[in-house]
Amino acid sequence: MVTLGIESSAHTFGVGIVDNGKFLSNKKDMYAISDKGMIPRKVADHHSDASYAVIEDSLTYAGISLHDIDSIGYTKGPGIGPCLRVGELAAKTLANKLHIPIYPVNHAIAHIEVTKHLSRFKDPLALYVSGGNSQILGVVASPFKHYTVYGETFDIGVGNMLDNFARAANLNPAWGSSVAKLAEGGKYISMPYNVKGMDFTFTGLLTNAVKMLDKESSKDVAFSLQETAFSMLSEATERALMLTSKKELTVCGGVAQSARLAAMLKGMTHMHKAKFYVASNEYNADNGAMIALVAEKMHMSGAKIKDKDCNVQQRYRADTVRITW
Ligand code: FE2
């Protein structure tokens, strides 16, 4: 059972291949982000130009040909519309040519599931943190099996918050890691801390941090911004861990590449005798293997996909997806 997955929701065009849960390849080509951020049409053009070579590269690395593929998956959303469309078109073209089933995959669920798969955890709580998203999720059985969102950002994702701060501080991309580098050795300055139950907001913190750049050293501001944002995420996640009585926590998504965030969460779970797992950067960055993995799970569990559902959805929420596996 071999599945090829295509990821194209943001700056990465990725193609992964999985065979019964074993990753055979995970190749990608990333759009180089300028200081102006991402212009959707230009990123989509990049994906379109890169698609053939990345698919070829992934097949070659896996040591298989197109005709060995049994099913195909692509990212339906959430993401940037024109970028999602490139992946959708590539997947539909391959599925039609090969006469194989096609599965539209939720990007957030793919991040969570690939991390769960690698951790071998049974029923973890997941903190999903990326540019556009910051959510705390777990699987519930009722009224149908799905990921419920216990808490989330009410405004911007923590990744976008770090990106915006990095632009204001004239840092180079990749912005999240630039902020982390600048923050090394900084000292703490008090910042707005906005957690309500298991939800949180980041814009007040961002506005304050940008203003402070005029008065304080950028190192201290970056350190304090990072400590405050990650503490907010840790507090909300801790509350969700207590509420659900779960004994396993994963963190996933682009911001899960932050060593400081992982260390904070690890310390918190240790206090509650819960297990903690963070995947390697290869699987926290956007990638095709996670899309292939979920498409394979959908295929093997007999998920029925209607033609009308094979589209893209920029705001495709994880909690609307029925889990069939
Ligand atoms: Fe992502």
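## Close-up views of a predicted model

**View 1. Val-129 of strand E6 has Ser-134 of strand E7 as its bridge partner.** Please keep in mind as you look through these views that the model is predicted. E6 covers residues 125–129 and E7 covers residues 134–140, and the two strands pair in the antiparallel sense over four bridges. The connection between E6 and E7 is a hairpin of four residues. E6 also pairs with strand E11 (residues 248–252), here in the parallel sense and again over four bridges. In this second pairing, Leu-125 of E6 has Leu-249 as its bridge partner in E11. As background, the strands of a sheet are held as pairs by backbone hydrogen bonds, in either a parallel or an antiparallel arrangement.

**View 2. Is strand E6 buried or exposed?** Five of the five residues of E6 are buried, so the strand is largely enclosed by the rest of the structure. If you follow the side chains, you will find Leu-125, Leu-127 and Val-129 on one side of E6, with Ala-126 and Tyr-128 on the other. Both faces are covered, as these residues are all buried.

**View 3. Three protein residues donate to the iron ion: His-107, His-111 and Asp-286.** Each histidine contributes its NE2 atom and Asp-286 contributes an OD atom, at 2.1 to 2.2 Å from the iron. Along the sequence, these donor residues follow the spacing H-x3-H-x174-D. His-111 sits in helix H3 (residues 107–119), while Asp-286 belongs to the loop between helix H9 (281–284) and helix H10 (288–300), so this pair ties together parts that are 175 residues apart in sequence. Both His-111 and Asp-286 are buried.

**View 4. An open sheet is built from five strands in the order E3-E2-E1-E4-E5.** The pairing in this sheet is mixed. Strand E3 (22–30) and strand E5 are the edge strands, each with a single partner, so one side of each has no neighbour in the sheet. From one strand to the next, the twist averages 20°. Towards the E3 edge, strand E2 (residues 12–19) and E3 run antiparallel and are joined by eight bridges. To find your place in this pairing, look for Gly-16, whose bridge partner in E3 is Asn-26.

**View 5. The second largest pocket has a volume of about 390 Å³.** Its lining counts 18 residues, and the closest to the pocket centre are Met-298, Ile-305, Tyr-316, Val-321 and Arg-322. Strand E5 (102–106) and helix H10 are the elements that give two or more residues to this lining. Which of the elements gives the largest share? E5 does, with three residues. Sorted by class, the lining of this pocket holds ten nonpolar, three polar and five charged residues.

**View 6. The whole structure holds one cavity of 30 Å³ or more.** Empty space of this kind is found by rolling a probe the size of a water molecule over the atoms. The largest cavity has a volume of about 40 Å³. Its lining is made by Ile-112, Lys-116, Lys-122, Asp-123, Pro-124, Ala-126, Val-139 and Tyr-147. By class, five of the lining residues are nonpolar and three are charged, with no polar ones. One of the lining residues, Ala-126, is also one of the buried residues of E6 shown in View 2.

**View 7. Two cis peptide bonds, each leading into a proline, can be picked out in the loops.** One of them joins Gly-77 and Pro-78, with omega about -5°. Pro-78 is in the loop between strand E4 (71–77) and helix H2 (81–98). The other runs from Ser-142 to Pro-143, with omega near -5°. Pro-143 is in the loop between E7 and strand E8 (146–152). For context, most peptide bonds are trans, and most residues other than glycine have a negative phi.

**View 8. His-99 and Asn-170 have positive phi values although neither is a glycine.** For His-99, phi is near 55°. Look for His-99 in the loop between H2 and E5. With a relative accessibility of 72%, His-99 counts as exposed, because the cut-off for that class is over 50%. Asn-170 has a phi of about 55° and lies in the loop between helix H4 (158–168) and helix H5 (175–183). Asn-170 counts as exposed too, at 69% relative accessibility.

Terms used: Residues numbered from 1 in each chain as written. Predicted model: local features only at pLDDT ≥ 70, side-chain atom pairs only at ≥ 80, totals over all residues. Heavy atoms only, no water. Donors = N, O, S within 2.8 Å, 3.2 Å for Na, K, Ca; no water. Buried < 20%, exposed > 50% of the residue type's maximum accessible area, 1.4 Å probe, protein only. 1 Å grid on protein atoms, 1.4 Å probe; cavity = no way out; pocket = protein on both sides within 12 Å on 5 of 7 lines; lining within 4 Å. Points joined across faces, edges and corners; volume = space filled by probe spheres on them. Nonpolar A, V, L, I, M, F, W, Y, C, P; charged D, E, K, R; others polar. Pairing = 2+ DSSP bridges. Axes fitted to C-alpha atoms, helices over the stretch in contact; angles between N-to-C directions.
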